[in-house]
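Please walk through this model with me, from its helix pairs to its salt bridges and its surface.

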Amino acid sequence: MTCYRAALVCALWLLLPWLAMANGDYRAMLNELINMQHGPSERKTDLINTLKTAEKALDAEELGQLKMILGREQLYEGAYQAGVNDLKVAESQLFSSRHLHLVYGYLATGYQLLGDYESSLRYLKLGLELVKTVSDKDVQRNAYIRAASLFYQLGFYEEVGLYAQRALQLADDANTKDICYANLYIAAYIHESGELPRAAEAFQRTGDYCQEHGWRLITVMTIKSRGLISHESNLIEDAITLMEQALAEYRTLGFQLEIASTQSALAKAYLDIGDWEKAEAAAVEAIDSKGADNKALKDAWYVMATLKARSNDFVTAYEAQKHENHYANELLNETKAREMAYQAAKFNFVEQQREIALLNSERDSYLVRQETISREHSGSLMISTVLAGITLFLSVFLATGLSQRNKYMRLAQRDGLTGTYNRATGQEKGENALIGCMARGEPTAAVLLDLDNFKRINDEFGHATGDWTLKKVVEVIRPQLADDHILCRFGGEEFMLILPGLSGAQAVEVAERCREAIAGVNTHYSGHSFKLTASFGVTEWQHGDLSLDPMIKRADLALYRAKHLGRNRVVSYGFAELEGGNNQSFADTQENSSAQTRNQTPSSISTAQSPAASEGKIEEESSKVSAAYAVSPEQSQVLAESPDKVATP
């Protein structure tokens with residue numbers, strides 16, 4: 001009998017989770033956890049443990065909510081990757097827009113903390129798109145607050161104020177939490193605008209309001225922000241008092257990211273007042289924190305380097321400064337990555353807001369129509385027709401606007417004659433391609449080409465023939481380029497190629513194919529017969545190049561050299577070709593230039609010194625750099641025998 005009773009007790013204990021689910025207890029627990037404030041508590045721990053024990057008894061929606069809660073808590077504890085993993089599971093299980101938009105917001109934050117800004121902006125976009133499908137102001141308001149939060153973390157402060165103000169406009173007196181967050185980000189926007197007294201007042205008002213309504217975490221954030229403003233205002237003692245208060249609260253809440261950030265800020269404040277011991281202790285704790293971001297680590301290592309240098313421990317100070325420089329570079333790389341991701345998504349965000357406004361207009365029209373139908377059945381057909389017409393008009397208006405926008409964007413980016421990118425767009429896209437190649441460790445090459453004797457073509461045959469020539473050159477060059485190569489019109493008859501992923505030697509091959517294609521153009525179709533050739537200057541990315549400007553300068557010098565050597569040729573700058581054995585690097589050329597110039601004979605450089613009168617400017621520039629690019633008589637003889645030979649200055 002005793003065995004039967006024991007078995008019955010065990011069975012009841014195993015069935016308890018399913019009985020609880022039948023009574024709706026799990027849904028109540030999940031809702032309580034979702035609405036619970038951040039920070040550790042016994043109640044939160046008990047609820048999470050109970051739900052994790054009964055995980056197999058949860059349906060898909062409940063499991064998704066549990067994973068969302070676990071992911072959120074892990075983000076606050078500094079376990080960013082684990083948090084993102086749980087949130088991805090939640091995304092696959094949830095279908096309710098009320099919970100799904102929360103998951104999108106947490107995922108955007110998690111990917112931002114991991115440095116994956118493209119994914120972060122993608123989930124922010126999904127959250128904003130979800131707003132278009134619902135009329136729930138709570139969902140819209142929360143999405144705007146999430147957007148303000150993410151933009152603040154990304155450093156785009158104008159958008160912070162914009163979205164925080166929109167969230168505040170959708171809040172009523174009962175939405176105290178959202179009012180707190182919206183006012184917090186508005187104050188942060190004022191702070192980043194440089195208005196320190198006004199920002200301090202805004203944080204004070206927000207903190208008082210949030211403390212009155214029991215929102216502890218937001219209150220602590222306002223205290224820390226006031227401390228940072230006091231530090232910036234050189235009120236160091238006040239700053240230390242406020243940040244120590246905020247640090248104590250963050251420790252209680254277990255918010256690892258903010259603990260490390262506050263410790264590094266305190267370390268700098270202690271350093272400013274000469275409290276070396278406290279400064280070192282705060283810096284060490286920030287460095288050892290698992291939730292420290294690159295800014296906190298950079299500031300902490302700066303304090304350590306300063307302290308060690310002060311105590312004449314220069315070896316340790318040097319190591320600390322190396323760490324500081326490392327994290328400073330990481331911050332710079334983060335800034336570049338954020339800017340690239342943001343610029344790619346910025347235009348889409350503007351369009352999304354227009355679509356949201358259109359959605360709200362259509363929703364209001366729908367509500368009016370439904371109310372009218374319910375009151376007056378006799379007038380339903382006429383009202384429906386009018387509303388349909390309004391909707392159609394708005395749709396046509398939006399479609400026309402989008403079409404015009406795309407049209408003007410294309411016109412602004414393209415050269416009207418040749419259809420290639422104009423100079424500004426070509427350089428912008430080239431800079432982006434260069435940054436991408438630098439990040440991936442891939443080479444990049446730049447090519448400048450200039451049509452030979454183009455002014456003579458215009459003068460002798462007219463500008464219509466010149467226009468035909470420019471368009472024909474672009475037509476024969478395009479098939480020689482890959483899809484990711486960038487072609488733009490750099491000047492009148494000058495074009496630039498940016499070749500991401502190609503070395504200098506590979507770029508020379510591309511330039512040679514283009515040169516041969518141009519030389520092979522049949523000019524009879526223009527109505528006139530003339531010789532069409534082009535000169536090319538080629539260079540590749542070198543260590544120390546931070547933009548396209550030095551590459552363009554080197555390519556331009558190589559182009560002048562090509563003109564100087566007789567035109568219709570490819571000249572490279574800054575590297576030696578792998579074949580032929582007759583090429584020199586730029587450094588070798590400079591070293592031997594004076595001796596070579598003295599050894600030249602008039603016949604050996606005649607092709608470079610007999611320019612057409614119409615190209616006097618080019619030859620004048622060539623003569624200015626001729627000393628740096630001088631060639632030996634043997635080299636001039638090779639060039640005279642093989643005018644299509646690729647040369648390297």
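What follows is a tour of a predicted model.

Start with the packing of helices. Two packed helices are described by the angle between their axes and the distance between the axes. Take helix 6 (residues 97–114) and helix 7 (residues 117–131). Their axes lie 7 Å apart, at an angle of about 160°. That angle makes helix 6 roughly antiparallel to helix 7, since angles over 145 degrees count as such. The crossing of helix 6 and helix 7 is left-handed.

Move along the chain to helix 10 (residues 176–192) and helix 11 (residues 196–212). Here the angle is about 165°, and the axes are 8 Å apart. Helix 10 is therefore roughly antiparallel to helix 11. Helix 10 and helix 11 also make a left-handed crossing.

Helix 12 and helix 14 give another arrangement. Their axes come within 11 Å of each other and cross at roughly 25°. Helix 12 is therefore roughly parallel to helix 14, because angles under 35 degrees fall in that class. The crossing of helix 12 and helix 14 is left-handed.

Stay with this pair and look at the side chains. Glu-258 and Lys-224 meet in a salt bridge, with 2.8 Å from N to O. Glu-258 sits in helix 14 (residues 256–273) and Lys-224 in helix 12 (residues 216–232), so the salt bridge ties together parts that are 34 residues apart in sequence. Are these two residues buried or exposed? Both Glu-258 and Lys-224 are buried.

The loop after helix 12 deserves a stop. Asn-234 is found in the loop between helix 12 and helix 13 (236–253). The phi angle of Asn-234 is near 65°, a positive value in a residue other than glycine. Asn-234 has a relative accessible area of 61% and is therefore exposed, since the cut-off for exposed is over 50%.

Now turn to salt bridges in general. How many does a search of the whole structure find? The search finds 26. Some are linked to one another. Lys-268, Lys-295, Lys-298 and Asp-299 form a network of salt bridges.

Lys-563 is a good residue to follow next. Which residues does it pair with? One partner is Asp-450, whose closest approach to Lys-563 is 2.9 Å between N and O atoms. This salt bridge links distant parts of the chain: Asp-450 is in strand 1 (residues 444–451), Lys-563 is in helix 23 (residues 549–564), and the two are 113 residues apart. Asp-452 also forms a salt bridge with Lys-563, with the closest N and O atoms 2.6 Å apart. Asp-452 lies in the loop between strand 1 and helix 20 (454–461) and Lys-563 in helix 23, so this pair ties together parts that are 111 residues apart in sequence.

How accessible are these three residues? Lys-563 has a relative accessible area of 1% and is buried. Asp-452, at 2% relative accessibility, counts as buried. Asp-450 counts as buried too, at 6%. Each of these calls follows because buried means under 20% relative accessible area.

The loop that holds Asp-452 has another residue to check. Asn-453 lies in the loop between strand 1 and helix 20. Its phi is near 55°, again a positive value in a residue other than glycine. At 17% relative accessibility, Asn-453 counts as buried. Asn-234, by its 61%, is exposed.

Go back toward the start of the chain. Ala-57 lies in the loop between helix 3 (42–53) and helix 4 (60–77). With 6% relative accessibility, Ala-57 counts as buried. Tyr-26 is 31 residues away from Ala-57 along the chain, and the C-alpha atoms of the two are separated by 9.6 Å.

Finish at the surface. Which residues make a nonpolar surface patch of about 290 Å²? They are Met-382, Val-386 and Ile-390. Met-382 lies in helix 18 (residues 380–413). Its relative accessible area is 61%, so Met-382 is exposed.

Note on methods: Residues numbered from 1 in each chain as written. Predicted model: local features only at pLDDT ≥ 70, side-chain atom pairs only at ≥ 80, totals over all residues. Heavy atoms only, no water. Patch = residues over 30% accessible without salt bridge, like charges linked within 9 Å, V, L, I, M, F, W, Y side chains within 5 Å. Areas by Shrake-Rupley, 256 points an atom, 1.4 Å probe, with all protein chains shown as cover. Salt bridge = Lys/Arg side-chain N within 4 Å of Asp/Glu carboxyl O. Helix = DSSP H or I, 4+ residues; strand = E, 2+ residues; numbered from the N terminus. Buried < 20%, exposed > 50% of the residue type's maximum accessible area, 1.4 Å probe, protein only. Axes fitted to C-alpha atoms, helices over the stretch in contact; angles between N-to-C directions. Parallel < 35°, antiparallel > 145°, perpendicular 65-115°, else oblique. Left-handed = near helix turned anticlockwise from the far one by under 90°.
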